[in-house]
Amino acid sequence: MVVSWAYLLGAVPLLCLAFWHAADAWYRAAFFVKHGSKKDSNGVRRRLPPGHMGLPFLGETISLLWYFKRVRRPDEFIRAKRRAYGGEAVGMYRTHLFGSPTVVVCAPAANKFVFQAGGDTFGVRWPVPELVGLKAVGIVEGGHHTRLRGVILGAINRPSSLRTIAAVVQPSIVAAFNSWAGMGTIVASDEAKKVMFTNICKMFVSMEPSPLTVKINQWFTGLLAGLRALPVDFPGTAVHDARKCRRKLTAVFREEIEARKSMSKKYDDVMSGFMETEDEQGMKLSDDEVVDNILSAIVAGYESTATAIMWAMYHLAKSPDALAKLREENVAVSKTKGSSYFITHDDIPKMKYTAKVVEETIRMANIASMMPRVAKRDVEYGGYTIPEGWQVLVMVRSLHTDPNYYPDPLTFNPDRWNEPAKPGTYQVFGGGYRICPGNMLAKLQLTIMLHHLSIGYEWELLNPNAEINYLPHPKPVDGAAMAFRRLATK
């Protein structure tokens, strides 16, 4: 009996070791069966990127969630891989995340390669693409994507559109900040979302606050919850509820399109831009394309921009010198406006320090820590092969928090932007042909909000040492609760 127990105890570590390596051995064997002794374009036998597939079925998802959610040290997930399998020279690692075999990409050159590769090399995979919209620019590929992107850029980023947006959003921003001052204490993440949603309704469909916009906000909240959930669809699940919300939103925006077609009135908003802008062949978007791209643009810009302004306020509250410089510049700009309280799109190029605050805020916020792609064929890079069908996660956060590229990277320092970032190390909006088409619009809104905050208000964090939640978007656990009041005049 003693001998039997000794054998059993001795076997346990071996069984654990075998279990740990089972999934990795399986994928390596499958790769070998498919490729055997095939060689890549350099004459070297094909091989998987370094790494480990983790536990059977679970992969390394628990490990990633451990770093992001439990110990709140998200950068350690990539650093651990670099220590184990090599540093910058590798730039990508095999693993298994969220139910899929995955290659994590985390170096400037490797990220750039993925972003700039054509749609026949890496595609976008959404768990439930219908929630985004089958004709949305974030879904379609090839010439259809190029056409849609050109129309969207023309509708959103042309100077006349940005001038109109700058004028349209400022009254609601100023009104909101006055309301915050009256409240005395706010949860910045919640209040910023309210402001952003009001602005989006005005910018995109010229809707003023009403009972309908309250419902639209609720439906978008349900839609976002479904986009983040496991793709399980039956009554009671987030995806099932998100489908209902999507149908209601589609109905509202279709009704708006039909109403506009029968009106002589012209609207100067994003929906009208989508409806009227022609592509290079002189064709306009279909109603389905307008609806899908309006909804996907709102999904992309609503919460992300609100999160960015929350982080700007958070970091400025902890950086009095930066806030003083920001306030000095914006007060000077305000004095040149005479009786006008609002700035214009033409004022923004003068606001050099404000632009640095915007860039530093977006870098540190890392609102999209990772950007998913899928390999549409076997892809060779850096002496390794990314197998067809594998998920590819571009970890842009790992660049923005790397001290090799940004000295003291977790310190808020707008003056670091006195010099441009090293090539390929600033990828907050992605890259390549799928770079975020609304990046100029996001920066415009941040600049306007920072202007009015700095010239008229002051704020302090109530819990400056609050822990940070990093998924789905980075946010202090208290939502950046703060005391907020009008700026004392001397």
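**Exercise 1.** Is Y93 buried or exposed?

*Solution.* The structure is a predicted model, in which local features need pLDDT of at least 70 and side-chain atom pairs count only at pLDDT 80 or more, while totals for chains, interfaces and linings use all residues. Residues are numbered from 1 along each chain as its sequence is written, and side-chain values use heavy atoms, with hydrogens and water left out.

Step 1. The classes are buried (under 20% relative accessible area), exposed (over 50%) and partly exposed (in between), computed with a 1.4 Å probe on protein chains only.
Step 2. The relative accessible area of Y93 is 0%, so Y93 is buried.
Step 3. For Y85 the relative accessibility is 32%, and Y85 therefore counts as partly exposed.

**Exercise 2.** Classify the aromatic pair Y85 and Y93, then the pair F197 and F220.

*Solution.*
Step 1. A pair of aromatic rings is described by the distance of the centres and the angle of the planes. Rings of Phe, Tyr and Trp (its six-membered ring) pair if their centres lie within 6.5 Å; planes under 30 degrees apart are stacked, over 60 edge-to-face, and the rest tilted.
Step 2. The whole structure holds 17 aromatic pairs. In one of them, Y85 and Y93, the ring centres are 6.3 Å apart and the planes stand at 45 degrees, so the pair is tilted.
Step 3. F197 and F220 are edge-to-face, with 65 degrees between the planes and 6.3 Å from centre to centre. This pair links distant parts of the chain, 23 residues apart: F197 belongs to helix α8 (residues 188–205) and F220 to helix α9 (residues 211–228). Helices here are DSSP runs (H or I, at least four residues), as are strands (E, at least two), numbered from the N terminus.
Step 4. F197 and F220 are both buried.

**Exercise 3.** Which residues do ring pairs link into a cluster, and which rings have the charged end of R260 or R363 over them?

*Solution.*
Step 1. The cluster consists of F177, W180, Y457, W459 and F484.
Step 2. A charge sits over a ring if NZ of Lys or CZ of Arg is within 6 Å of the ring centre and within 35 degrees of the ring normal.
Step 3. R260 places its charged end over the ring of Y267, 4.1 Å from the centre; R363 does so over the ring of Y406, at 5.0 Å.

**Exercise 4.** Describe how α12 packs with α10 and with α8.

*Solution.*
Step 1. Axes are lines fitted to C-alpha atoms, for helices over the stretch in contact, and angles run from 0 to 180 degrees between N-to-C directions.
Step 2. Helix α10 (residues 238–261) meets helix α12 (residues 287–317) at about 125 degrees, with the axes 10 Å apart. The two are therefore oblique to each other (angles under 35 degrees are roughly parallel, over 145 roughly antiparallel, 65 to 115 roughly perpendicular, the rest oblique).
Step 3. The crossing of α10 and α12 is right-handed (the near helix is turned clockwise from the far one by less than a right angle; anticlockwise would be left-handed). Among the residues in contact (heavy atoms within 4.5 Å) are R246, L249 and F253 of α10 and V290, V291 and I294 of α12.
Step 4. α8 and α12 pack at about 145 degrees, with axes 8 Å apart, and this crossing is right-handed. F197 is one of the α8 residues that meet α12.
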